[in-house]
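User: Could you take me through one part of this protein up close? I'm new to this, so please explain the terms as you go.

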Amino acid sequence: MFNLDALDLARIQFAFTVSFHIIFPAITIGLASFLAVLEGCWLKTHNQVYKDLYHFWSKLFAVNFGMGVVSGLVMAYEFGTNWARFSDFAGSITGPLLTYEVLTAFFLEAGFLGVMLFGWDRVGRRLHFFATIMVAIGTLISMFWILSSNSWMQTPQGIEIVDGRVAPVDWFKIVFNPSFPYRLMHMALAAFLSTAFFVGASAAWHLLRGNNTPQIRTMLSMAMWMILVATPVQIAVGDAHGLNTLEHQPAKIAAIEGHWDNTPGEPSPLVLFGLPDMQAETTRYSLEVPYLGSLILTHSLDKQIPALKSFAKEDRPNSTIIFWSFRVMAGLGMLMLLCAVAALVLRRNGALYRNRVFLWLALLMGPSGLIALLAGWFTTEIGRQPWVVYGLLRTTQAASNHGAVQMSVTLALFVVIYFSVFTVGIGYMMRLVRKGPNAADALHTVDATARRPLSAAD
């Protein structure tokens with residue numbers, strides 16, 4: 001396929017499946033916490049608006065949760081089928097961490113999910129609220145273990161190599177490895193922001209169509225408050241994460257910056273735009289700001305950031321890709337901050353729900369959280385190359401012994417099946433959004449029949 005070898009195809013297949021998968025857990029994490037807040041507000045105020053919104057968004061949560069579970073199972077099998085040498089080398093670490101995720105998070109979610117979705121009229125209010133909180137906590141615990149495993153691959157510690165395999169020595173150091181706290185916070189905030197922009201765009205769509213109900217206004221208001229609070233925090237966490245990456249993965253920072261050379265005694269510039277050329281070892285058409293690279297990445301005006309030429313060619317990440325994926329993420333972050341500030345100004349002027357320019361901005365920013373999240377993951381994972389376990393196991397050493405034909409066939413099948421199945425699922429979620437919370441309210445009557453998410457969009 002396109003003159004790619006088996007290793008390239010295996011990498012593309014995993015990148016394709018994880019890119020599909022990560023969208024659903026991000027929304028699941030955000031919606032679970034949003035539902036807990038909605039139910040808590042309803043219990044405190046007895047305002048029917050919060051209950052209506054809970055019922056509406058619980059349907060989207062259920063569909064999204066199901067697609068996340070299905071897409072995640074595929075990735076677990078890929079570790080064994082396509083990356084058997086990685087599993088053999090690091091399975092003593094990744095296996096237990098993923099097992100902990102199942103035992104502590106998935107069982108918690110599965111145990112309370114039924115009560116949360118179908119128990120509104122069958123259990124007491126406090127028990128139902130408890131179930132919703134447990135599901136929300138379960139999604140956060142799941143993220144904890146997944147990020148711990150992935151972060152250990154970025155900054156491994158607490159192990160020793162015995163007979164060519166990793167052996168755990170200190171599980172506390174393994175779980176709480178150097179990059180884990182920053183990546184956990186960064187991912188959690190990304191999930192909340194992705195969900196907030198999804199909710200906000202849904203409300204903006206209805207307001208632009210004249211559906212100016214209390215439910216729709218509450219959706220937009222809550223989404224914009226979350227964006228206003230979370231975006232500045234996310235920028236601060238991202239800065240701290242960058243400093244941590246500079247310490248532990250300097251080659252990744254050099255590739256992100258498209259920075260090839262340092263002049264002795266001079267601070268490093270910031271390359272705003274350009275075209276990194278890995279063969280020519282230069283960034284073509286670069287637009288640089290003097291001193292700014294050192295100021296942002298080292299918080300000083302006399303320190304230099306690492307240059308790509310200081311690393312062996314075989315140890316350099318692909319700057320051509322992550323130079324731009326990082327800028328997509330950072331650029332969208334600035335747009336998110338602009339949206340949050342604009343919402344605050346309009347709220348103070350009493351025009352939040354009727355300014356059509358802002359509503360169009362909120363609608364167009366709907367997918368921005370997920371796009372930024374994907375761009376961030378591309379930056380992180382491609383920036384780790386050529387290592388699977390940083391400094392210990394190269395990607396070329398981790399793949400299973402498959403041929404290019406086998407990988408081409410399975411990749412083509414994945415593309416066809418994923419687009420067929422998940423396009424239908426995402427399309428169904430959009431149908432629910434178009435109906436809005438008012439259309440869903442009538443479905444919530446007391447009866448003896450378990451309600452299904454699919455019943456909301458006939």
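Analyst: Here's a walk around the second largest pocket, followed by a stop at Ser325. Bear in mind that this is a predicted model, where local features need pLDDT of at least 70 and side-chain atom pairs count only at pLDDT 80 or more, while totals for chains, interfaces and linings use all residues. Residues are numbered from 1 along each chain as its sequence is written, and side-chain values use heavy atoms, leaving out hydrogens and water.

A pocket, on a 1 Å grid over the protein atoms alone, is an open set of points where a 1.4 Å probe fits, with protein on both sides within 12 Å along at least five of seven lines; lining residues have an atom within 4 Å of a point. This one is lined by 44 residues, and His186, Gly238, Phe326, Met329 and Ala330 lie nearest its centre. Helix H7 gives the largest share of the lining, 10 residues (a helix is a DSSP run of H or I, at least four residues, numbered from the N terminus).

Now for Ser325, which sits in helix H10. Ser325 counts as buried because its relative accessibility is 8% (buried means under 20% relative accessible area, with a 1.4 Å probe and protein chains only). A polar atom of its side chain lies 3.3 Å from the backbone oxygen of Ile322. The side chains of Ser325 and Thr379 also share a polar contact of 2.7 Å (a pair of N or O atoms within 3.5 Å, one able to donate a hydrogen and the other to accept it; residues adjacent in sequence count only if both atoms are side-chain atoms). Setting aside neighbours within four places in sequence, Ser325 is in contact (heavy atoms within 4.5 Å) with Ala375, Phe378 and Thr379.

Conventions
Points joined across faces, edges and corners; volume = space filled by probe spheres on them. Helix = DSSP H or I, 4+ residues; strand = E, 2+ residues; numbered from the N terminus. Buried < 20%, exposed > 50% of the residue type's maximum accessible area, 1.4 Å probe, protein only.
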